[in-house]
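Reader: Could you take me through this structure? I should like to begin with one residue and then turn to the packing.

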Amino acid sequence: MAHDHAHDGHDHGHDDHAHHGPDKGIMRWIKTTNHKDLGTLYLWFSAIMFTIGGLMSLAIRAELWQPGLQYFDPELFNQFTTMHALVMIFGGVMPGFVGLANWMVPMMIGCSDLALPRVNNWGFWILPFAFALLLSTFFLPGGAPAGGWTIYPPLVLQTGNSFPLLIFAIHLMGISSITGAINVAVTILNMRAPGMTLLKMPLFAWSWLITAYLLIAVMPVLAGAVTMLLTDKYFGTSFFNAAGGGDPVMFEHIFWFFGHPEVYILILPSFGIISTIIPTFARKPLFGYASMVYAMASIAFLSFIVWAHHMFTVGIPLAGELFFMFSTMLIAVPTGVKVFNWVATMWQGSMTYETPMLFAVAFVFLFSIGGFSGLMLALAPVDFQYHNTYFVVAHFHYVLVPGAVFGIIAGVYYWIPKWTGVMYNETLGKIHFWWSAVWINVTFFPQHFVGLAGMPRRIPDYAVQFTDFNQISTVGAFLFFIGQFLFFYNILRCALARKGLKPAPARVWEGAYGLEWTVPSPAPYHTFEDPPEITDAETPWAAH
Amino acid sequence: MADGKPLSQQQALARRNLRTALWLGLVALGFVVAFFWSMSHRGG
């Protein structure tokens, strides 16, 4: 704070500090409090974690190429499934969204930086340590955690030396998420440019405000749950130990009270991105802006009262099964509003299909498939058949890969000209899209079939009749993974080797509106030091 | 301020941001305490 105050003293004398660029070398990235630098760091961190998590998924798919044990013993296979989930959720998707929020939210609402820039630096730099801890467990005696990302006791209490590292890593990730969420919420509540009322904010900012509240509410619950696991294992407590008067089912309640809002934390920012991209390439203002905000808020509210649909088979009272079944089905209503609005925005629009739009349209279609299989899983009686099968794996990968991940990819293609000042290669982008869209379905669609036929999840071996569909799935996974290098190449070229690439104008897409398109491309290191004027023309989505 | 000078606009905003952040933290804490309290008073 002393440093800031010293700067404040200069305000009326000379304000050269406002115009200096970033520090040179590695220290720029270690010390930075700039939202654009931290956005970039978050996005690269996310890319590295997606690669590591992706490699684990390939190990899983390779082992499942045929029945019997091929490459890994079952213990290592379970470590891969557990760590794949933790790395993808907490290392890939969440930091990816935080990176996009860092870059875009201040520019969208017309402020110069996040409200708490040093907290922002701290929140990011916790993450490499958290994941170094988590990933280092592969090299410990007994290996990495293998009880599933849901860390249910009593199974997870059998974890060896890696257990305390797992708990500490989750605590660190939680601190990072909570600080990031508080930062985004405070920024949106306090730092909007004059005239940028809440119901004029771009939907990406809205999606992040709602996500931030979810994070603030549920990450401490996860921290509490894992702390109780820690004391159960090492300090003789019996929170979840039936022999000591505790209740292992209690853990499932607490975990999923965090876990279900977490699912929406993983998708709401994508909703915001898609709601930003579709109007641009349909050249029409978003259909039903206010209903989009209310739908996201409803989804967020409902996410707190549906958690036990993850536990239908554990043995909860019939009234509980009914309550959680109906509350879960209720989520289809606001979700339907959103899908309707996206389609209505495209209706009679002057559509063009640049890469971000291709990913956005695929999102609407493929996310809906995941939504429908979710509706099937919500039905308590039939969930007794689906539970713990590959049908569940197919369902949540449909909402997470063509949902959350396609949202991140669409956002990166959409905004990278603004970040770097050059256009990515459109042909390569389109090849990347079609490659991904085909192989992602080849990977995950057959998993519905083997799941319905009874193949359990989280096992390295399976009955011989599931072989064909598993082989199709494995081929799809390897080809999907390879295709992502097209994306990395396209993005790296924009970020590092800008020579010879087409320069991007300030308003990169002719149909794009919002404050971020009023600043030059690449966006200057400091934007909106003086609050911009909010015009009706730049907020066409809002009622005027 | 301790030295009697009025807060600059930037300092005032920094204080407001800190206050909002602490409030959000407090609300989260209250929510979590309420959740664990209600969970520890289940029937049966």
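Author: The following exchange covers one residue, a pair of helices and a chain interface. This is a predicted model, in which local features need pLDDT of at least 70, side-chain atom pairs count only at pLDDT 80 or more, and totals for chains, interfaces and linings use all residues. Residues are numbered from 1 along each chain as its sequence is written, while chains are lettered from A and ligands numbered from 1 in the order in which they are written.

Reader: Where does Tyr390(A) lie?

Author: Tyr390(A) is in helix 15 (residues 390–420) of chain A; helices are DSSP runs of H or I with at least four residues, numbered from the N terminus.

Reader: Is Tyr390(A) buried or exposed?

Author: Tyr390(A) counts as buried because 30 C-beta neighbours lie inside 10 Å; the cut-off for buried is 20 or more other C-beta atoms within 10 Å, with exposed at 12 or fewer and partly exposed in between.

Reader: And which residues does Tyr390(A) touch?

Author: Leaving aside residues up to four places away in sequence, Tyr390(A) touches Gln447(A), Val450(A), Gly451(A), Met455(A) and Arg457(A). Contact requires C-beta atoms, placed from the backbone, within 7 Å.

Reader: Next, at what angle do helix 13 and helix 16 of chain A pack?

Author: Helix 13 (residues 355–378) and helix 16 (residues 426–452) of chain A pack at about 10°, their axes 10 Å apart. The two are therefore roughly parallel, a term for angles under 35 degrees.

Reader: Lastly, how many residues of chain B are in contact with chain A?

Author: There are 17 from chain B, in contact with 20 residues of chain A.

Key:
Two residues are in contact if their C-beta atoms, placed from the backbone, lie within 7 Å. Axes are lines fitted to C-alpha atoms, for helices over the stretch in contact, and angles run from 0 to 180 degrees between N-to-C directions. Angles under 35 degrees count as roughly parallel, over 145 as roughly antiparallel, 65 to 115 as roughly perpendicular and the rest as oblique.
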